[in-house]
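These entries record what I looked up, place by place, with the sequence and coordinates open beside the notebook.

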Amino acid sequence: MSQPTIVKVVGPLVVAKGMKHAKMYEVVKVSKEKLVGEVIELHGDEGSIQVYEETSGIGPGEPVELTGATLSVELGPGLLEQFYDGIQRPLKLIEEVANSQYITRGIDVPGLDRERKWDFNPVKEAGDEVSEGDILGTVQETTLIEHKVMVPPGVNGTVKEIQSGSFTIEDTIAVIDVEEPETKNQKPVNITMLQRWPIRNPRPTKSKLLPSEPLSTGMRVLDTLFPIARGGAGAIPGPFGAGKTVTQQSLAKFSDAQVIVYIGCGERGNEMTEVLKEFPELKDPNTGEPLMKRTVLIANTSNMPVAAREASVYTGITIAEYYRDMGYDVALMADSTSRWAEAMREMSGRLQEMPGEEGYPAYLGSRTAGFYERTGACQCLGTDGRKGSLTAIGAVSPPGGDFSEPVTQNTLRVTKVFWALDAKLTYKRHFPSINWLQSYSLYTNALDPYYAKEVADDFSKNRIRAAEILQQESKLEEIVRLVGTDALSPKEQLTLETAKMIREDFLFQNAFDPVDAYTSIKKQYRMMRAILTFMDCALQIIDQEDFDFSRVQKLDVKSDITKCSFLPEEGMEAEFDKIEDKIRTQMAGLKDSSAEVSKKEEVVAV
Amino acid sequence: MSTAYKTVTDIAGPLMMVEGIEGVTYDELCEIELTDGTKRLGKVLDARSDLAVVQLFEEAKGATTEGTKVRFLGRTFEIGVSEDILGRIFSGGGKPIDGGPEIVPEKKLDINGAPINPYSREYPDDFIQTGISTIDVLNTLVRGQKLPLFSGAGLPHNQIAAQLARQMRVLTPEEVEKGEMIDGNRQSTVDNRQETSDQGPGTSDEKFAVIFAAMGVTYEEAQFFQNELEKTGALSRAVLFINTADNPVVERIATPRLALTVAEYLAYEKDYHVTVLLTDLTNYCEALREVSAARKEVPGRRGYPGYLYTDLATMYERAGRVRGKAGSITQIPILSMPEDDITHPIPDLTGYITEGQIYIDRGLHQKGIYPPIIPMGSLSRLKAKAQGEGKTRGDHSGMDAQLTASYARGVEIRELAVILGESSLNDTDKAFLKFADRFENEFIRQGATENRSIYESLNIGWDLLSEIPREELKRVKDEYIEKYLPKK
């Protein structure tokens, strides 16, 4: 067999001949510098390779080495708290090996630490029957996450030996006797804590389930108006500067998933540095431990090689699936999927494929759908019936903020939650700048039973009312623009006033304030109820004749409602009871005084 | 000496095809010798076993398919650097044009650089005082940031850039401490106006440099910057790369990379705080489009190549700070938006990479307001960590949000007043309207040499906020209202 050699180099695309034995998506080492690449096209003897590193200085005639393996990630304890590049090389190790702040070429570092020892506690015994996905034992990976060492997919048999104690990820921790289907012979299979999985293949599950629980995010506009379910898929499109990254980072900080995978795909280096600096210091609101202990970061910033950007999204979701298989609720943030699509477009262009819409390859839609379909709530492999979920939230960066472009449209076809970011809101410093008229969630019906049971019976009713009030506001505003506020009836003015309270006192949330940044769903319910109570009480008095609406506007209980967002979670129920009482008293006061006024007028008239 | 090939088969635009070659690598630099003996530089865009596509950095004028010799130099485009480079002026291709000698290089660096490992970065959080209120208070510039000016034809972006280069500096801890003591009822007592022009962007024990790269600008514009630097005595710590409109178009592709390579050398190896001014990115992108079109690539939006995002990112991302290094690179690219259209691919892709943008508004400019920087559309993504106690003053971030929100509301009301008449407005609306007018005239408007300290700017803000009913001040904390809001 002849050694394949390079015949052509154009940017990240390398063409080699002598590639008859190469497989599609096989990993190859390109040139003397051993750059990592992946076979993406084969034509007879010639094969096209996308190279995950810079190709300057590489030329025809240099060798290409086949590895026989497809692009895979290493799975095992030690993934959490790591900071990887797009092909799972720890960036910290790259810095050490390169001995420079720059990422130099041909650096070969393993994804998981080979030296570190982990305490393995078996839960199975020799002689136990096990099937794929069954938990063999556990390792305390971080203070937050107990790592479950599972029987790899495709292995079913009897435990022959199982160890207990301190091991590296390459040590054999168990031996399973597997019956070979043809010969009926028992074949021992050695199990280590290190497993590999090709990134482009979804990891198997027993069955998928319909999402029925919300993923709480602590952001009021999301949890109350447009909730996402555990196992759901959501999209955040928005022009630059509208707050995609801030929203994604807030989600990574405050959503109540147990494991977070955050992919910085083709975005700014400083953003990843910020996450890396903040997460070890920030405390998880649900457990009080540093957020980093439950997080895996993947960064392929915009100046890193473009082909690895395409891979980074798959690397991330494979790691996320692995933790889902352990029975955890995992949330994955991809910022931004548009860069991933553009990386596909760039490779497609270099391969001279026939372009689809706006130069994107024709398979953009199917690749996008394939990615989001890897999310979901599921029954995990294994006989213990455990459940896990994988929620994915992808940012989309449409050129010029135009949502009709192919990436946004293909994403919206497969995601059920749409959080539309609006640059106009950021100009007004309204955060999070999620447009309440354009956004939607298709999970609300599926989640209603949960809210009724866990929060309050009228939670969903209030959400629908709030949404209606905001809708009416936008219509009334058009009228105001033409004829002014005076032409509105007191009832319409009240709608405007309530909408303003919903916008400014409920939807507006300060991500930098320690109390305001995270609001529990119960507190969200009470905040909304307080505003609606205000409206209901006012409704009872405004239909009196000659009612002066500015008196409602001047009630000082309004400032109590404004300050609700800063009320500490502890003891908030009692505080809200007080505020609602105050609303009733002050409104009743208005009623009495206006009754008196009209009485006096009557007297005068007499 | 490497082999000279005389096998040029095609010349089209800035591209040249050379056949029968051997051992040529991607991105390799080559020297093209024309029949009359003149030499041009080019680089390999497509390396095949028997053919290379070469992109010239200069025009192909006078090149012939017969007789032209091509030598492949076995290296990529490099620039020789040493600290002596400060004070020098180069062409857009890196040749000295100030009559001085060639630089004796301490080392030679590939102008493409290498991606900075995000793990090695340090998060930028040092406040830079620019002396311009709309930037300091609302769109705070941070050392190590990349913050472009989005402008249009006929707008004063050059003056603003020059003013920035002149006035940018980091406050000393003593100044911050002094500034925090001031309350709103006393008129500002801190006045840094005199100290700055000779001190430049940095406190005294820090080294700083300005690097200026001009791509396809007019001679006048290039000369304007050169004069500005000369006037303030900053030329001795500046490096200029000048490619004017009449210089070769494709040379522009190398110009910003030369500038950034020098910046990286000075910042990360010699501990300088470097400010890089790049103008005009629109010309750069057009040069890129020209090469792409000549290669018959599938175009993306408006004929720009699909890899424009990646290409711009490899330049913009060369700003920042690195852990364990004293220096920093702050980038201020200038781009003129064709037809003031922010959705045009160049500003659009730039906005997705840079850490915000300063938006220069034609409407304000036509009202005669300098600098016409409009809060709506302008943004600094790194400001959160550079505002507040210890950096500037506790009320800074609240003031930022309150001023911007109030101005946006005032402008909305102004539009409403046009239709309905001012008399139909209620008192609160009238207050916002008055605020918006005063905001434009007192806060945004300032002189081209006026250097306001951040504390002066903040106090102007408080003075303006006193126009608005107190219950509408929802974005500033009560404690700061007590402390700073002028008592009537």
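Which residues does A:Asn435 touch, not counting residues up to four places away in sequence? I listed A:Phe226, A:Ala420, A:Asp422 and A:Leu425. I note at the outset that the model is predicted.

**Entry 1: A:Asn435**

I placed A:Asn435 in the loop between helix H9 (423-427) and strand E26 (440-441) of chain A. I then asked whether A:Asn435 is buried or exposed. Its relative accessibility is 13%, and the cut-off for buried is under 20%, so I entered A:Asn435 as buried. Among the residues it touches, I looked further at A:Asp422. The side chains of A:Asn435 and A:Asp422 are joined by a polar contact of 2.9 Å.

**Entry 2: chain A as a whole**

I recorded 16 helices and 26 strands in the secondary structure of chain A. The C-alpha trace of this chain spans about 115 × 55 × 45 Å along its principal axes. Chain A has 606 residues, and 60% of them count as buried. I also looked up how contacts are spread along the sequence of chain A. Of the contacts with a separation of 6 or more, 70% are between residues 24 or more positions apart. For the surface of chain A, I noted an exposed area of about 23700 Å², with carbon and sulfur atoms supplying 50% of it.

**Entry 3: the contact between chain A and chain B**

How many residues does the contact take from chain A and from chain B? I found 71 residues from chain A and 74 residues from chain B. The two chains bury about 6000 Å² between them, and 54% of this area is on carbon and sulfur atoms. I counted 9 salt bridges between chain A and chain B. I looked up the pair B:Asp400 and A:Arg429, which forms a salt bridge with its closest N and O atoms 3.7 Å apart. There are also 31 residue pairs in polar contact between the chains, with both residues at pLDDT 80 or more. I then listed elements that give two or more residues to the side of chain A that touches chain B, among them strand E1 (5-10), helix H1 (91-98), helix H4 (269-278) and helix H12 (490-507). The largest share of that side comes from H4(A), with 9 residues.

**Entry 4: B:Tyr352**

I found B:Tyr352 in helix H9 (residues 345-353) of chain B. I entered B:Tyr352 as buried because its relative accessibility is 2%. Leaving aside neighbours within four places in sequence, I noted contacts of B:Tyr352 with residues including A:Pro239, A:Phe240, A:Arg268, A:Arg339, A:Pro398 and B:Tyr309. I also looked up B:Ala313, which is 39 residues from B:Tyr352 in sequence and 9.3 Å from it in space, C-alpha to C-alpha.

**Entry 5: helix H2 of chain B**

I checked how far helix H2 (residues 157-167) of chain B is covered, and 10 of its 11 residues are buried. Among the buried residues of H2(B) I noted B:His157, B:Ile160, B:Leu164 and B:Arg166.

**Entry 6: a surface patch on chain A**

Which residues make the nonpolar surface patch of about 290 Å²? I identified A:Ile479, A:Leu482 and A:Val483. I located A:Ile479 in helix H11 (residues 459-483) of chain A. An α-helix has 3.6 residues a turn, so residues three or four places apart point the same way. I entered A:Ile479 as partly exposed because its relative accessibility is 38%.

Definitions and conventions
Residues numbered from 1 in each chain as written. Chains lettered and ligands numbered in written order. Heavy atoms only, no water. Patch = residues over 30% accessible without salt bridge, like charges linked within 9 Å, V, L, I, M, F, W, Y side chains within 5 Å. Areas by Shrake-Rupley, 256 points an atom, 1.4 Å probe, with all protein chains shown as cover. Salt bridge = Lys/Arg side-chain N within 4 Å of Asp/Glu carboxyl O. Helix = DSSP H or I, 4+ residues; strand = E, 2+ residues; numbered from the N terminus. Buried < 20%, exposed > 50% of the residue type's maximum accessible area, 1.4 Å probe, protein only. Contact = heavy atoms within 4.5 Å. Buried area = accessible area lost by both parts, 1.4 Å probe. Polar contact = N/O pair within 3.5 Å; in protein donor to acceptor, adjacent residues only side chain to side chain.
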